[in-house]
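Biologist: Please take a close look at the packing of one pair of helices in this model. I should then like to see that contact set among the core and the charged pairs of the chain.

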Amino acid sequence: MSNVSLKNLCKSYDKSKVIINNINLEIADKEFIVLVGASGCGKSTILRMIAGLEEITSGTISIGDRVVNNIHPKDRDIAFVFQSYALYPHMSVYDNIAFGLKMRKTDKKIIDEKVREVAEVLDLTQYLDRKPKQLSGGQRQRVALGRAMVRNPKVFLMDEPLSNLDAKLRVQMRSEIKKLHKKLDTTFIYVTHDQTEALTMGDRIVVLDKGVIQQVDTPKNIYSNPSNTFVAGFIGQMNFIEAEITDEGLKFADIVVPISDSIKEKFANRKAVTIGIRPENMTYGETRFTVDVEISEMLGSEKIAYFDIQGSKCSAKLSPDFEIGEKIELSVTPENMLFFDKETGKNIFS
């Protein structure tokens, strides 16, 4: 079994600098889970603690049925793929992939079989005699993956492995890593600050902020039903608008959007809420309100309009038949809104 369990995990350098604050997380056997958050949120620290490269302040880490707190990194049966590739420049691709097996004094015949098998999977066979400096960024990253794969570990740990690649290659490598996960049928723990990587790769996403888990859920639920304003704003674009609750409905931008009695009941005694609306849910339609387009971004078949709603910077993803400076009429519906508590930022309906 290659499930990973984090219980009451904490990391601090002194009392005033808490990096990881009481993390509890169960990662299932063969799951692809993504840790995502802004720089400094603690995601890489968690990965390094699982690997044994960072000392734990308190709590426990289990891999399978074994608590690994005091087990040396080389004995945890994990493989770590670094952001910087960490290849040996003086060694060939073959020797880089084989290095871990050689250190374990594995039989030469077995090493050769494993290296060539992995090279075939990663399309590296023709590069086995080359040095890392003779490879592209994507090829180097595949070598780093191969070095991890050849050991058949229980758990793969990946720390922003695609951040040094150009945009087109990142898309290609995302697909390759997902295929690799299915082929190897083992547990992947992947760290990124890129929300697109998180949404497209993970079976589940763990959103972190300042060393605290904000939400753990499927990509679909993280996007459509975020637990608070931080998650809503970090995963995908979100327009936040302050609204008053009146007998007629939600009032903002000099308009009133009617809401059902069932929605009103959820607001309890609140007089105001923060509305969250995704840009794709602000559409042309029955006229609700008019905005002045300040900036636009062309996305081919779509165009993003940026505008102001009572002091809040907002955007809408629309068909590209408008220009900067133009007034456009937009429509919103309660069904496409999220409602957050104005004080706590928590999703009222979650």
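**A helix pair and its surroundings**

Modeller: Helix α2 (residues 93-103) packs against helix α4 (residues 137-149) at an angle of about 30°, and their axes are 7 Å apart. Helices are DSSP runs of H or I with at least four residues, strands are runs of E with at least two, and both are numbered from the N terminus. The axes are lines fitted to C-alpha atoms, for helices over the stretch in contact, and the angle, on a scale from 0 to 180 degrees, is taken between N-to-C directions. The model is predicted: local features need pLDDT of at least 70 and side-chain atom pairs count only at pLDDT 80 or more, whereas totals for chains, interfaces and linings use all residues. Residues are numbered from 1 along each chain as its sequence is written, and side-chain values use heavy atoms, with hydrogens and water left out.

The crossing of α2 with α4 is right-handed, meaning that the near helix is turned clockwise from the far one by less than a right angle; an anticlockwise turn would be left-handed. On the α2 side the contact is made by Val93, Asn96 and Ile97, and on the α4 side by Val143, Gly146 and Arg147; contact here means heavy atoms within 4.5 Å. Three of the residues in this contact are nonpolar, two are polar and one is charged.

Ile97 leads from the helix pair to the core. Ile97 is among the residues with the most contacts inside the largest nonpolar core, which has 45 residues; Val115, Leu145, Met158, Ile177 and Tyr190 share that listing. Such a core is a set of buried Ala, Val, Leu, Ile, Met, Phe, Trp, Tyr and Cys residues joined through side-chain atoms within 4.5 Å. Buried means under 20% relative accessible area, exposed over 50%, and partly exposed in between (1.4 Å probe, protein chains only). Leaving aside residues up to four places away in sequence, Leu145 touches Val81, Leu122, Met158, Met173, Ile177 and Leu180. Another core, of 30 residues, lies apart from this one and includes Ile263, Val273, Ile275 and Phe289.

Helix α5 (residues 167-184) contains Ser175, which counts as partly exposed because its relative accessibility is 34%. The C-alpha atoms of Ser175 and Leu299 are 22 Å apart in space, with the two positions 124 residues apart in sequence.

Charged pairs complete the picture. The model has 13 salt bridges, each a side-chain nitrogen of Lys or Arg within 4 Å of a carboxyl oxygen of Asp or Glu. In α5, Lys178 pairs with Asp203, with the closest N and O atoms 4.0 Å apart. Asp203 lies in the loop between α6 (195-201) and β9, so the pair ties together parts 25 residues apart in sequence. Lys178 is partly exposed at 22%, and Asp203 is partly exposed at 35%.

Glu31 and Arg204 form a salt bridge of 2.5 Å, N to O. This pair joins the loop between β2 (17-27) and β3 (32-36) to strand β9 (residues 204-209), across 173 residues. Glu31 is buried at 8% relative accessible area, while Arg204 is partly exposed at 22%.

Lys11 and Glu54 form a further salt bridge, with the closest N and O atoms 3.6 Å apart. Lys11 belongs to strand β1 (residues 4-14) and Glu54 to the loop between α1 (43-51) and β4 (58-63), 43 residues apart. Lys11 counts as buried at 7% relative accessibility, and Glu54 counts as buried at 18%. With Arg48, Lys11 and Glu54 are linked in a network of salt bridges.

Technical notes:
Ala, Val, Leu, Ile, Met, Phe, Trp, Tyr, Cys and Pro count as nonpolar, Asp, Glu, Lys and Arg as charged, and the others, Gly among them, as polar.
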